[in-house]
Amino acid sequence: MFPCLNPSDVQDGGFSFNNCSRNAALESSFSESSSKPPKARKTGTTIAGIVFKDGVILGADTRATDDMVVADKNCVKIHCIAPKIYCCGAGVAADAQITKQILASNVELHTLNTGRPPLVAMVTRTLKQMLFRYRGQVNSSLIVGGVDVDGAHLYSVYPHGSYDKLPFVTLGSGAEAAVSVFEDRFKPNMELEEGKQLVRDAIAAGIFCDLGSGSNVDLCVITQAGASFLRGFDKPTTKGRREGSYMYKPGTTAVLTKTVTPFCLDVIDQSVHAMDTK
Amino acid sequence: MLGGAGPELVTEEVKTGTTIIAVEFNGGVVLGSDSRVSAGDAVVNRVMNKLSPLHDRIYCALSGSAADAQTMAEVVNHQLDVHSIEIGEDPLVCSAATLVKNISYKYKEELMAHLIVAGWDRKDGGQVFATLNGLLTRLPFAIGGSGSFYVYGFVDAEYRKGMSRDECQQFVLNTLSLAMTRDGSSGGVAFLVTIDQHSTEEKIILPKHLPKFFNQ
């Protein structure tokens, strides 16, 4: 029921935990030498979601970071799990992406098995059972939002497998910046345009106030009618246009005298080196 | 978001730094909890209901790691459903507490959660069980969570045998209010569940309606 993963078990396919015993040994050597182990780094993302009058709106930034360098300026963090259920992922990119793919595949099989459109609660349960099984080693936090026969639902799921069902959620390193916007301006049963603007503002707060988040805002609006993925809904960080010119105009400095001295040069040697263009 | 080494970048675990309490009265039980869930320094959910149903007249209060506690409660909920179909009637509170204790004890190294189980059944009326670390003990009242350490003195001094239903509810609210004021990991609103033979009543008490004590 709660299988305990032994790092020395042979794995074929799935996640590899070969480094767990090494990490445990490193951690114990740190505590002996009374220096602190490296602190867990929150990987950069701002993702958010709200429930509005007709459904849910999910939002995400588009920056992918590799340590302190931006690896991808325009990546996609919102993925489709079912026609009316979408998922935003934060945490280690590989873990989040593969988790979403596994989830989408399992949900499709479940749909074919039951012959009914999936419930958001079912997607969340599948996800959290998988994350719980891996004891937090799959470092991805996800926001699951969608519309099903019971209405609109929004869940946030954490790497260890706990989940919360709330009217608005934020995750990622920019979560604190984004949730402050929601705490101030969220109201139940908002209209579509007001909701989109609110989620856009929350993600923008993450983009500007968190170093790990940046670039553009992607939105996904899901209602009973269907889902629409608004890629690049807003680009608050496009380079601005320079207001003035910083080149000095010719004639700014007065010319007092002008002297021309020609150099007499003869060609004494000439050689040709072919460039290796293969 | 790409790269970085693997498992050591685990996010701060989500804990329900919490205050939970359950009290028995003649004919039922009262359970109470705060609503704060924290991950490191940040509050990730300020309105979580930590009183989780195991059956119609049996609830449990969650504390410790949020993932472990939620999963334990859901597993026991499922097991109790199967058990009650097998015996053909409502399960005993003792059965529910035993199922929780079995999981707590068997996986005590891997799981970090403490569930207080309380409810009403036809055989013994209202009962409260503590299942910390795999023990199983019936108590007249039980408190748990990080905030409980601040109020052990209060509950020991203020608890009296034979309190009525309303007095128990007031006792629970007073305890929660004191703990939520002093413990940084507890806060938000207070959830109250009162279970007796006839009904299971769930209430939410907003901070402005909680009892007020010394607070400069």
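Colleague: Among contacts in chain B between residues at least 6 apart in sequence, what share joins residues at least 24 apart?

Modeller: In chain B that share is 65%. Keep in mind that this is a predicted model. For chain A, the matching share is 60% of contacts between residues at least 6 apart.

Colleague: How many helices and strands does each chain have?

Modeller: Chain B has 4 helices and 13 strands. Chain A has 5 helices and 12 strands.

Colleague: What does the radius of gyration say about chain B?

Modeller: Compare it with the value for a compact globule. For 216 residues that value would be near 17 Å. Chain B has 17 Å, so the two agree. Along its principal axes, the C-alpha trace of chain B spans about 60 × 55 × 25 Å.

Colleague: What percentage of the residues is buried in each chain?

Modeller: A residue counts as buried under 20% relative accessible area. In chain B, 53% of the 216 residues are buried. In chain A, 42% of the 278 residues count as buried.

Colleague: Which residues have the most contacts inside the largest nonpolar core?

Modeller: They are A:L58, A:I143, B:L54, B:L115 and B:V117. This core has 45 residues. Helix α1 of chain B, residues 66-87, gives the largest share, 8 residues. Another core lies apart from it, with 21 residues. Among its members are B:V151, B:V155, B:Y159 and B:L210.

Colleague: Now the sheets. What is the strand order in the open sheet of chain A?

Modeller: Read the order from one edge to the other. The sheet has 5 strands, in the order β5-β6-β7-β8-β9, and the pairing is antiparallel. At the edges stand β5 (78-82) and β9 (163-165) of chain A. Each has a single partner strand, so one side of each lacks a neighbour in the sheet. From one strand to the next, the twist averages 25 degrees.

Colleague: How many bridges join β7 to β8 in chain A?

Modeller: There are 7 bridges between β7 (residues 140-148) and β8 (residues 151-157) of chain A. These two strands run antiparallel. To find one facing pair, look at A:G146, which stands opposite A:H153 in β8(A).

Colleague: Which helix packs on this sheet?

Modeller: Helix α2 of chain A, residues 93-114, does. This helix touches β5, β6 (85-91) and β7 of chain A. Its direction makes about 20 degrees with that of β5(A).

Colleague: Helix α4 of chain A is another one to read. Which of its residues are buried?

Modeller: In α4 (residues 175-185) of chain A, the buried residues are A:A175, A:A177, A:A178, A:V181 and A:F182. Next, ask what lies over them. The cover includes β1 (47-52), β10 (168-171) and α5 (192-209) of chain A.

Colleague: And charged side chains? How many salt bridges does the structure hold?

Modeller: Side chains of opposite charge can pair when their charged atoms come close. Over all chains, the structure holds 18 salt bridges. Take A:R185 and A:D201, whose side chains meet at 2.6 Å, N to O. The pair links distant parts of the chain, 16 residues apart. A:R185 is in helix α4 and A:D201 in helix α5 of chain A.

Colleague: Are A:R185 and A:D201 buried or exposed?

Modeller: A:R185 is partly exposed, because its relative accessibility is 37%. A:D201 has 15%, so A:D201 is buried. Both also belong to a network of salt bridges that links A:R185, A:R200, A:D201 and A:D234.

Colleague: Where do B:E89 and B:R122 lie?

Modeller: First, the contact. Their side chains meet in a salt bridge at 3.4 Å, N to O. B:E89 lies in the loop between α1 and α2 (93-106) of chain B. B:R122 lies in the loop between β8 (113-121) and β9 (125-130) of chain B. The pair therefore ties together parts that are 33 residues apart in sequence. B:E89 is partly exposed at 43% relative accessibility, whereas B:R122 is exposed at 67%.

Colleague: What about B:E201 and B:K203?

Modeller: Their side chains also form a salt bridge, at 3.9 Å, N to O. B:E201 counts as partly exposed, with 29% relative accessibility. B:K203 counts as partly exposed too, at 35%.

Technical notes. Residues are numbered from 1 along each chain as its sequence is written. Chains are lettered from A and ligands numbered from 1 in the order in which they are written. This is a predicted model: local features need pLDDT of at least 70, side-chain atom pairs count only at pLDDT 80 or more; totals for chains, interfaces and linings use all residues. Side-chain values use heavy atoms; hydrogens and water are left out. Two strands pair if DSSP finds at least two bridges between them. Axes are lines fitted to C-alpha atoms, for helices over the stretch in contact, and angles run from 0 to 180 degrees between N-to-C directions. Contact means heavy atoms within 4.5 Å. Buried means under 20% relative accessible area, exposed over 50%, partly exposed in between (1.4 Å probe, protein chains only). A nonpolar core is a set of buried Ala, Val, Leu, Ile, Met, Phe, Trp, Tyr and Cys residues joined through side-chain atoms within 4.5 Å. A salt bridge is a side-chain nitrogen of Lys or Arg within 4 Å of a carboxyl oxygen of Asp or Glu. The radius of gyration is taken over C-alpha atoms; the globule rule is 2.2 Å times the number of residues to the power 0.38.
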